[in-house]
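Hi everyone, thanks for coming along. Let me put the sequence and the model up, and then we can walk through a few places together.

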Amino acid sequence: MRGGSASVVLTALLATALGWAAVPTRDLVVVRGGSTLSVPVEGQRGYPAARALALAQALGYTWTGEVLNVDGEQVRFVSGSPFFRVGADVFQLPNPAYRSGSHLMVPVSWALEWLPQWRPRRWRYLDGRLVERPRTTPRPPERDSWLVVIDPGHGGRDPGAIGVRGTKEKDITLAVARRLAEQLRREPGYQVVLTRDRDTLITLADRPRVPQLKGVENPPDLFLSIHCNSMPRKPNNTRGFETYFLAVAKTEEARRVALRENASLRFESDTPISDVDPLQFILSDLQSTANLRESNLFAGFIDRSVQATLRSPSLGVRQAGFVVLVGAAMPAALVEVGYLSNKDEERLLRSPSHQAKIADALADAVVNYLLDYGRRVWSSYSTGG
Ligand SMILES: [Zn+2]
């Protein structure tokens with residue numbers, strides 16, 4: 001499962017996303033008051049930016065040529081500087097505002113990333129768009145519906161890791177995912193979508209979008225990808241489970257696991273890397289930043305729940321750059337439920353009773369995390385923000 005190709009692919013992706021090369025333009029979409037508005041975006045400086053005037057109009061604010069008036073507060077950008085002021089406060093963007101002809105160009109990250117954090121009751125970032133929240137009573141913490149996406153790793157011509165006795169990772173992940181879906185569907189108000197429910201290959205980029213592709217209207221609340229680990233040489237004594245959320249890999253070991261899982265890109269011959277839209281990649285990246293804290297919390301719930309249920313040792317919560325988590329517009333985690341390169345653990349992973357135990361532990365983690373999330377969202381609504 002290892003190989004140089006995966007690291008080359010990742011480096012290429014990052015170089016395109018972070019480099020200074022011109023970025024293809026794509027409109028910034030604002031959904032406000034029931035209408036969908038497009039703001040033209042340009043990428044001459046290597047990052048997406050929009051005219052302050054057009055941005056103000058789409059958001060329902062006013063632009064005086066000098067300042068953006070937002071609900072009575074003045075937002076002041078400076079050409080050539082990443083800093084901007086709101087009243088007496090100074091904030092920083094990843095990139096500078098700049099002048100293009102007579103227009104002031106504002107980095108799109110101001111609208112997509114900063115604004116929803118500053119005005120969370122009015123704006124949120126959803127599926128690459130800035131969406132105004134309906135002005136209605138907020139949902140209670142005990143929500144009447146949650147949509148959970150469960151992603152069995154690999155499938156089809158991508159077997160994933162191969163165990164000491166030839167067990168294929170794709171079969172274990174599907175078995176565990178099916179049981180988990182069954183468990184969660186028994187919970188009142190839970191809707192579950194499996195990214196695959198048979199032995200087929202779904203591209204990594206498509207996995208978080210499966211509900212959308214299937215025509216499910218609600219945005220998903222949670223994404224959980226299920227995998228089995230493996231050491232480069234087998235048999236190997238290393239055993240245990242570990243939980244990941246998306247971020248830059250912190251340890252060599254976390255990087256190794258991410259590279260192995262990202263190697264699935266090799267099987268996606270119908271998705272040449274040149275087709276990955278750099279702007280979309282940057283937007284996904286912004287979105288992941290907003291979800292990073294929640295994803296980390298969710299990973300913690302998984303780790304505690306699996307530790308409490310299984311006798312398998314926890315190797316902890318780690319962070320790494322998994323391609324499958326990049327496109328997730330929701331809190332997302334990836335769990336490696338055990339090592340197929342360990343003889344005993346491979347035997348356990350094949351057993352239906354152990355698979356059921358893993359599914360139980362994961363179901364508990366999902367339910368408890370969403371309960372906690374609901375409570376926190378409720379308290380942020382009632383204290384304002
Ligand atoms: Zn895997």
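Let me start with a question: how many residues lie between β7 and β8 in their hairpin? There are two, and G87 in that turn has a positive phi of about 60°. Before going further, a word on the ground rules: this is a predicted model, where local features need pLDDT of at least 70 and side-chain atom pairs count only at pLDDT 80 or more, while totals for chains, interfaces and linings use all residues. Residues are numbered from 1 along each chain as its sequence is written, and side-chain values use heavy atoms, with hydrogens and water left out.

Back to the hairpin. Strand β7 (residues 83-86) runs antiparallel to strand β8 (residues 89-92), with four bridges joining them. V86 has D89 in β8 as its bridge partner. When I say helix or strand, I mean DSSP runs numbered from the N terminus, helices being H or I of at least four residues and strands E of at least two; two strands pair if DSSP finds at least two bridges between them.

The hairpin belongs to an open sheet of five strands, in the order β4-β5-β6-β7-β8, with antiparallel pairing. Its edges are β4 (62-63) and β8, each pairing on one side only. At the β4 end, two bridges link β4 to β5 (residues 68-70), and W63 is partnered with L68.

Just ahead of that sheet in sequence numbering, have a look at helix α2 (residues 52-59), where A52, L55, A56, A58 and L59 are buried (under 20% relative accessible area with a 1.4 Å probe, protein chains only; exposed is over 50%, and partly exposed is in between). Those buried residues fall within an arc of 165° seen down the axis, so they line one face of α2; the arc is taken from the directions from the helix axis to the C-beta atoms. G60, just after α2, takes a positive phi of about 80°.

Now the metal. Which residues coordinate the zinc ion? They are H154 through NE2, E169 through OE, H227 through ND1, and E261, which is listed twice through OE, at 2.0 to 2.5 Å. Donors here are N, O and S atoms within 2.8 Å of the metal (3.2 Å for Na, K and Ca), and water is not among the atoms, so sites may look incomplete. Along the chain, the donor spacing reads H-x14-E-x57-H-x33-E. E169 sits in helix α4 (residues 169-185) and H227 in strand β15 (residues 222-229), so this pair ties together parts 58 residues apart in sequence. E169 is buried at 0% relative accessibility, and H227 is buried too, at 5%.

H227 has a companion in β15: S225, whose side chain makes a polar contact with that of H227 at 3.1 Å. A polar contact is a pair of N or O atoms within 3.5 Å; within protein, one must be able to donate a hydrogen and the other to accept it, and residues adjacent in sequence count only if both atoms are side-chain atoms. S225 is itself buried, at 0%.

Finally, back over to you: I'm happy to take questions.
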